[in-house]
Amino acid sequence: MKISRPAEVVVVPHAAGLAALVLGLVAFSPASFANPVSLENLRGGTTGWQLTRPAVHHEIEGYASAVSIERGESLDLFVSTANTAYRLDVYRMGWYGGAGARLVSGGIVRPGRLQPSPHFDPATGLIECRWQDPYRLHTRDESEWLSGLYLVKLTGIPDGFQSYIIFVVREDRRRSDLLFQSSVTTYQAYNNWGGKSLYDFNSEGGRARKVSFNRPYAPSANPAAASGVGAGEFLANLSVPPHDPSPPAGWEYNMVRWLEREGYDVTYGTNLDSHGGGPRLSGHRAWLSVGHDEYWTWEARAHIEEARRGMSLLFFSANVCYWQIRLEPSALTGAPDRTIVAYKDTALSEDPYATDGNPGNDHLITGRWRDAPLNNPEERLVGVMYDGGPVDRDLIVTNPSHWVFAETHLETGDRLPRLLGYEADRWFGLVPRSTEVLAESLYWYEGGLHVADMALYETTEGRFVFAAGTIQWSWGLDDFGVPAWRSSRLNQAAQQITRNILSRSIEATVLP
């Protein structure tokens, strides 16, 4: 799929203009100085990262040994193909003059290998691969591997079919204004590679109770989004059931492009890193959840609630923290945190933590956060929580005098067209009591009238928690995916609102 550029466009700043560009970033970047991300985006970009022949029938596919690594570490890339050889090209995703990525390591050619069938556990539905002969990717050259979201483009030789492997490079020791969380547990919950996900709609013979990161990401349920195959929900929406009218486009990449185009100082992690806590969540002024952030561990929530004392939490997302999950080691390799456990709406009858007679682990039962025995509604953290979807409607402003809307010229009743969806959250009025509703929109869902809220509350430490209440917010910031995957929702007011929120969160926190 081609998104607004030819198949291969390289963007390199003219040497004579490089100094002027740097000076412009110093003068106008949100952080008021050239930071590693703004300087990184002055480097040559390319559209060559995009797939031109997506491998939607398993012609070539792969997975990484970790969802994220610290800069300087290595990870293994496991690939299966019937081709005699294949090529790996590794791209860091960003703005790069609109090209969208920079080639960091490329032209790596290896012999092809058709890997063995995955292990299947009929008791839980767990499907897990134990593939061999990985390519070990090193990130030791710190001039190249800035924190970011990375796509490995796999190309079969000679058939030319292509797919992705996705991973994150962290910089745990670098302070940054913003920490962007990629919601990989949600990616994996909807991933039905091998025939099983955590959902009945795309599973064979019923949903799984356990899913593994040791397998590739399947194509989107919507064939129109084939060009995102292998990248989870970073580019395309894996979660669209058949006959669902929601667009197949994803959400995270649009935010990445916009943040890096604007010059924000941002580092990256995943919700497995939030689960790990510690230094991975320290040294930042704000933390961002983007798009579809549905599946949380007890540990991740505890760590984010603690982090709220020292930085603002910005939920440019919806359906947030809806299901509790547990993480277990790989059943085949023993590697930690490679298996998601989620019994969901059968948790009280099936989850061993619910049936073992031990009340000491009831807080880890894998049901809805708002239900017994957890009784910890997500609204307590986020300020809003899931109420309905799919929906594709306008956001309606109700509190235009709030600082969030500064310089937008919006008035009561003004609309942000089609930025509400495809799932929506609302404030149920329970907690926190200090919540301010900024936008309130009505929509029909399953035969009833529902409410979606954009909201914000302040913490006792002087930070704040913002919730857009919609998954589609980032579509107002950037037009990647138009027109192949969705219609344009670009909105200058949404961009200014986002700037206001980021600026206030950066100004509100002084790093120690």
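Reader: How many salt bridges does a search of the whole structure find?

Author: The search finds 32 salt bridges. Please keep in mind that this is a predicted model. To call a salt bridge, look for a side-chain nitrogen of Lys or Arg within 4 Å of a carboxyl oxygen of Asp or Glu. A good case to begin with is E260 and R92, whose closest N and O atoms are 2.8 Å apart. This pair links distant parts of the chain, with E260 in helix α4 and R92 in strand β6 (residues 85-93), 168 residues apart.

Reader: Are E260 and R92 buried or exposed?

Author: The general idea is that a residue under 20% relative accessible area is called buried, one over 50% exposed, and anything in between partly exposed. With a relative accessible area of 2%, E260 is buried. R92 is buried as well, at 0%.

Reader: Which parts does the salt bridge between R110 and D133 tie together?

Author: Here the N to O distance is 3.1 Å. R110 sits in strand β7 (residues 101-111) and D133 in the loop between β9 (126-128) and β10 (135-138), so the bridge ties together parts 23 residues apart in sequence. R110 is buried, its relative accessible area being 15%, while D133 is partly exposed at 36%.

Reader: And where in the chain are E350 and R209?

Author: E350 is in helix α7 (residues 347-350), and R209 is in the loop between α3 (184-190) and β14 (210-212), 141 residues apart. Their salt bridge has its closest N and O atoms 2.8 Å apart. E350 is partly exposed, with a relative accessible area of 33%, whereas R209 counts as buried at 18%.

Reader: Which residues are linked in a network of salt bridges?

Author: E40, R43, R102 and E144 are linked in such a network.

Reader: What is the nearest side chain of opposite charge to E294, and how far away is it?

Author: That side chain is K344, 5.5 Å away. Set that against the 4 Å limit for a salt bridge. E294 is buried yet has no salt bridge. For a residue like this, look next for polar contacts: the side chains of E294 and Y199 are joined by one of 3.1 Å. E294 is in the loop between β16 (284-292) and β17 (295-297). Leaving aside residues up to four places away in sequence, E294 touches T186, Y190, Y199, N319, C321, Y322 and W323.

Reader: Let's turn to helices. Which residues of α6 are buried?

Author: In α6 (residues 298-307), the buried residues are A300, R301, I304 and A307. To read such a list, look down the helix axis: the buried residues of α6 fall within an arc of 125°, so they line one face of the helix. They pack against α5 (271-276), β16, β17, β18 (312-318) and α9 (379-382).

Reader: What span should helix α10 have?

Author: The idea is to compare an expected span with the distance between the end C-alpha atoms. At 1.5 Å a residue, the 16 residues of α10 (residues 492-507) should span 22 Å, and the end C-alpha atoms are 22 Å apart, which agrees. At the start of α10, a side-chain oxygen of N491 comes within 2.9 Å of the backbone nitrogen of A493.

Reader: What do the buried residues of α10 pack against?

Author: Their partners are β13 (176-182), α4 (252-262), β16, β18, β22 (415-426) and β25 (464-467). The buried residues of α10 include A493, I497, I501, L502 and I506. Polar ones are listed too, among them Q495, Q496 and N500.

Reader: Where is W475, and which residues does W475 touch?

Author: W475 is in the loop between β25 and α10. Being in a loop can still go with being buried, and W475 is buried at a relative accessible area of 1%. Its contacts, not counting residues up to four places away in sequence, are P247, A249, G250, W251, N254, L419, R486, R489 and L490. With G250 there is more detail: the backbone oxygen of G250 lies 2.8 Å from a polar atom of the W475 side chain.

Reader: One last residue: which strand holds Q162?

Author: Q162 is in strand β12 (residues 162-170). At 6% relative accessibility, Q162 counts as buried. Beyond residues up to four places away in sequence, Q162 touches residues including Q50, L51, I60, K153, L154 and V229.

How values were computed. Residues are numbered from 1 along each chain as its sequence is written. This is a predicted model: local features need pLDDT of at least 70, side-chain atom pairs count only at pLDDT 80 or more; totals for chains, interfaces and linings use all residues. Side-chain values use heavy atoms; hydrogens and water are left out. Helices (H or I, at least four residues) and strands (E, at least two) are DSSP runs, numbered from the N terminus. Buried means under 20% relative accessible area, exposed over 50%, partly exposed in between (1.4 Å probe, protein chains only). Lys and Arg count as positive and Asp and Glu as negative; His and the chain ends are not counted. A polar contact is a pair of N or O atoms within 3.5 Å; within protein, one must be able to donate a hydrogen and the other to accept it, and residues adjacent in sequence count only if both atoms are side-chain atoms. Contact means heavy atoms within 4.5 Å. The arc is that of the directions from the helix axis to the C-beta atoms. The expected span of a helix is 1.5 Å times one less than its number of residues.
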